[in-house]
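Trainee: Could you walk me through one part of this model up close? I'd like to see how a single piece sits among its neighbours, and then follow it outward.

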Amino acid sequence: MMSDTNEKKTASESNIVNLPSDTIINKRDMDKPLVLETRHLGIDFGGLTAVDEFNIGVGATEIMGLIGPNGAGKTTIFNLLTKVYQPTRGTILLCGKDTHGMTPAAVNEAGIARTFQNIRLFDKLTVEENVKIGLHNHINYSMMSGIFRLPSYWKEEKKAHEKALELLDIFGMADQADVQADSLPYGAQRRLEIVRALATEPKILLLDEPAAGMNPSETEELMENIRKIRDEFGIAVMLIEHDMKLVMGICETIAVLNFGRIIAKGTPVEIQNNPQVIEAYLGSKKDE
Ligand SMILES: Nc1ncnc2c1ncn2[C@@H]1O[C@H](COP(=O)(O)OP(=O)(O)OP(=O)(O)O)[C@@H](O)[C@H]1O
Ligand SMILES: [Mg+2]
């Protein structure tokens with residue numbers, strides 16, 4: 001309520017605060033709760049403030065980009081969201097629930113899955129086995145039924161096998177199910193990592209430089225697949241990427257990070273025309 005009188009504020013009015021996220025989300029997600037929200041999030045490493053005042057809100061089915069020069073703090077933010085690091089300050093809300101004190105496994109089970117800047121797969125396991133590791137959140141193997149190979153074990157195993165193939169099929173990889181992970185070409189390993197993350201049934205998928213090392217046609221295909229994943233699974237995607245064609249092509253909103261702080265938030269067009277963003281990028285080029 002706007003008022004220019006000097007009336008004493010009621011108790012409820014004085015309890016109203018402006019949230020720091022100044023969130024922009026897609027109309028499509030307007031009536032749904034935010035999947036992820038951060039407030040005053042930050043972390044220090046000794047004397048270095050790697051991330052500070054990181055405030056965002058992510059819509060339920062939003063594709064959001066997180067960009068910025070090398071060393072800006074992008075991966076550190078993923079490490080905070082997934083509890084690899086505990087924040088020095090601030091709050092992370094997943095579907096409105098504070099994740100404070102959760103372990104990486106708990107936060108994954110609660111709905112955040114990620115891939116890594118440096119691929120992390122079980123090299124000596126097959127493609128299918130790697131996906132099944134992701135599935136274990138939701139498949140009920142009991143130790144006894146596994147040891148004694150009881151009928152319930154085979155039932156669950158069959159379910160896992162079918163689910164793994166179905167997920168691999170998103171990237172047309174079902175026919176490579178029996179291939180050892182480390183014998184896949186680089187681009188396919190990146191795709192497998194995404195499938196494994198999806199197997200945990202996330203509400204939000206965090207991708208750390210998914211197009212790194214991919215050729216232009218692989219990147220093009222990846223863009224289509226990220227959209228497809230968002231549409232078919234109805235989940236949010238947050239991605240870190242240096243490939244501007246990918247970022248500008250599929251992200252609905254973008255946050256730009258520089259020296260650990262957000263310097264701009266907006267649509268791709270707004271970001272491309274933002275003088276501070278242009279300066280941050282040109283500045284980083286000069287330093288290289
Ligand atoms: N565990 C850590 N201990 C100390 N410093 C760290 C740690 N992790 C990250 N940093 C520092 O935090 C800063 C941000 O690093 P981060 O890896 O998040 O950057 P980035 O934006 O992902 O960069 P790039 O685009 O090169 O991947 C860097 O200065 C980095 O050296
Ligand atoms: Mg990084």
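**Helix α4 and what surrounds it**

Mentor: Not counting residues up to four places away in sequence, I133 touches F122 and L125. Keep in mind as we go that this is a predicted model. I133 sits in helix α4, and with a relative accessibility of 31% it counts as partly exposed. That label applies because buried means under 20% and exposed means over 50%. I133 also has a partner far along the chain: T200 is 67 residues away in sequence, yet the two C-alpha atoms are 8.7 Å apart.

Now zoom out to the whole helix. α4 is mostly covered, with seven of its nine residues buried. Those are V127, E128, N130, V131, K132, G134 and L135. What do they pack against? The buried residues of α4 face α6 and α7.

Take α6 to begin with. It runs over residues 151-170, and its axis comes within 9 Å of that of α4, crossing at roughly 110°. The two helices are therefore roughly perpendicular to each other. On the α4 side, the residues that meet α6 are V127, E128, V131, K132 and L135. Over on α6, the residues they meet include E157, H161, A164 and L168.

For the α7 side, L192 is a good handle. Set aside its neighbours within four places in sequence, and L192 is in contact with V127, N130 and V131, among others. The same list includes L168, L121, M173, A181 and L184. Put together, V127 and V131 of α4 touch α6 and are also contacts of L192.

L192 matters for the wider picture too, as one of the residues with the most contacts inside the largest nonpolar core, along with L205 and L239. That core has 44 residues. Helix α7, residues 186-199, gives it the largest share, seven residues. Domain 1 (3-111 + 202-287) and domain 2 (121-199) both contribute residues, so the core lies between them. There is also a second, separate core of 28 residues, which includes L94, M102, V107 and I240. Hold on to L94 and V107, as they come back below.

Before leaving α7, look at its partner α8, residues 216-233. The axes of α7 and α8 come within 12 Å and cross at roughly 10°. That makes the two helices roughly parallel. From α7, G187, R191, I194 and L198 meet E218, L222, I229 and F233 in α8.

Next, go just upstream of α4, to the loop between β6 and α4. Q117 lies in that loop, whereas T75 belongs to helix α2, so the pair ties together parts that are 42 residues apart in sequence once you see what they share. And what they share is the magnesium ion (ligand 2): its protein donors are OG1 of T75 and OE1 of Q117, lying 2.0 to 2.2 Å from it. Both residues count as partly exposed, T75 at 26% relative accessibility and Q117 at 34%.

Following α2 onward brings you to K83, in the loop between α2 (74-81) and β4 (89-94). K83 is buried, with a relative accessible area of 4%. Its backbone is worth a glance, since phi of K83 is near 70°, a positive value in a residue other than glycine. For context, most residues other than glycine have a negative phi. C95, in the loop between β4 and β5, also has a positive phi, near 50°. C95 is partly exposed at 41%.

K83 leads on to T99, which lies in the loop between β5 and α3. T99 is buried, with a relative accessible area of 0%. Beyond its neighbours within four places in sequence, T99 is in contact with K83, I92, L94 and V107. There are L94 and V107 again, from the second core. T99 also has T82 close by in the model: 17 residues separate them along the chain, and 9.4 Å separate their C-alpha atoms.

Finally, the overall view. The chain has eleven helices and ten strands, and 48% of its 288 residues count as buried. Among contacts between residues at least 6 apart in sequence, 68% join residues at least 24 apart.

How values were computed. Residues numbered from 1 in each chain as written. Chains lettered and ligands numbered in written order. Predicted model: local features only at pLDDT ≥ 70, side-chain atom pairs only at ≥ 80, totals over all residues. Heavy atoms only, no water. Core = buried A, V, L, I, M, F, W, Y, C linked by side-chain atoms within 4.5 Å. Buried < 20%, exposed > 50% of the residue type's maximum accessible area, 1.4 Å probe, protein only. Helix = DSSP H or I, 4+ residues; strand = E, 2+ residues; numbered from the N terminus. Domains from an automatic or database assignment. Contact = heavy atoms within 4.5 Å. Donors = N, O, S within 2.8 Å, 3.2 Å for Na, K, Ca; no water. Axes fitted to C-alpha atoms, helices over the stretch in contact; angles between N-to-C directions. Parallel < 35°, antiparallel > 145°, perpendicular 65-115°, else oblique.
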